[in-house]
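Welcome! Here are a few exercises to help you find your way around a new structure. Try each task before you read its solution.

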Amino acid sequence: MAVATVTPLPLEPWKPLRKQPLPAGRPREWYVSHNRRLKAMRLAIALLDSGVYIASKADDRTIRNTAQHLGVHPPSDATCRMVRSLIRSGR
């Protein structure tokens, strides 16, 4: 008979993980697309947290205002499209 054990959650506040350097030797396009994906994920999460659940309601102006509120550089049109596709694929 298998016995399940429950481990208690730590009472410490959440701490972000240490950032690791990106791997060296990749083409520049890889780094650009990687950082674009990270930025798009950050913006999509912020929009979802603020109540924007439908991609059609996340126009470029809304996404750029969210970026300004987060303190990141304004996203390009390609990043805005990526944010909308992330919101759309979350269903």
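A residue is called buried under 20% relative accessible area, exposed over 50%, and partly exposed in between (1.4 Å probe, protein chains only). With relative accessible area of 43%, Asp 77 is partly exposed.

Before you start, note that this is a predicted model: local features need pLDDT of at least 70, side-chain atom pairs count only at pLDDT 80 or more, and totals for chains, interfaces and linings use all residues. Residues are numbered from 1 along each chain as its sequence is written, and side-chain values use heavy atoms, with hydrogens and water left out.

**Exercise 1. Take stock of the whole protein.**

Step 1: Look for helices and strands, which are DSSP runs numbered from the N terminus (helices: H or I, at least four residues; strands: E, at least two). The protein has three helices and zero strands, in the order α-α-α from the N terminus on.

Step 2: Turn to burial. Of the 91 residues in the protein, 21% are buried.

Step 3: Consider contacts, meaning heavy atoms within 4.5 Å. Among those between residues at least 6 apart in sequence, 60% join residues at least 24 apart.

**Exercise 2. Describe how α1 packs on α3.**

Step 1: Compare the axes, which are lines fitted to C-alpha atoms, for helices over the stretch in contact; angles run from 0 to 180 degrees between N-to-C directions. Helix α1 (residues 28-49) meets helix α3 (residues 77-89) at about 55°, and the axes are 9 Å apart.

Step 2: Put the angle in a class. Under 35 degrees counts as roughly parallel, over 145 as roughly antiparallel, 65 to 115 as roughly perpendicular and the rest as oblique. The angle therefore makes α1 oblique to α3.

Step 3: List the partners. The residues from α1 include Arg 36, Met 41 and Leu 48, while those from α3 include Ala 78, Met 82 and Ile 87.

Step 4: Sort them by class. Ala, Val, Leu, Ile, Met, Phe, Trp, Tyr, Cys and Pro count as nonpolar, Asp, Glu, Lys and Arg as charged, and the others, Gly among them, as polar. This contact has eleven nonpolar, one polar and three charged residues.

**Exercise 3. Do the same for α2 and α3.**

Step 1: Here the angle is about 100° and the axes are 10 Å apart. These two helices are therefore roughly perpendicular to each other.

Step 2: On the α2 side the contact is made by Asp 60, Ile 63 and Arg 64, and on the α3 side by Asp 77, Cys 80, Val 83 and Arg 84. By class, that gives three nonpolar, no polar and four charged residues.

**Exercise 4. Find the salt bridges and say what they link.**

Step 1: Search for a side-chain nitrogen of Lys or Arg within 4 Å of a carboxyl oxygen of Asp or Glu. The structure holds two such salt bridges.

Step 2: In one of them, Asp 60 pairs with Arg 84, with the closest N and O atoms 2.9 Å apart. Asp 60 belongs to helix α2 (residues 60-70) and Arg 84 to helix α3, so this pair ties together parts 24 residues apart in sequence.

Step 3: Arg 64 and Asp 77 also form a salt bridge, at 2.8 Å from N to O. Arg 64 sits in α2 and Asp 77 in α3, so the linked parts are 13 residues apart in sequence.

**Exercise 5. Is Arg 84 buried or exposed, and which residues does it contact?**

Step 1: Arg 84 has a relative accessible area of 17%, so it counts as buried. Its salt-bridge partner Asp 60, at 25%, counts as partly exposed.

Step 2: Leaving aside neighbours within four places in sequence, Arg 84 is in contact with Ala 55, Ala 58, Asp 59, Asp 60 and Ile 63.
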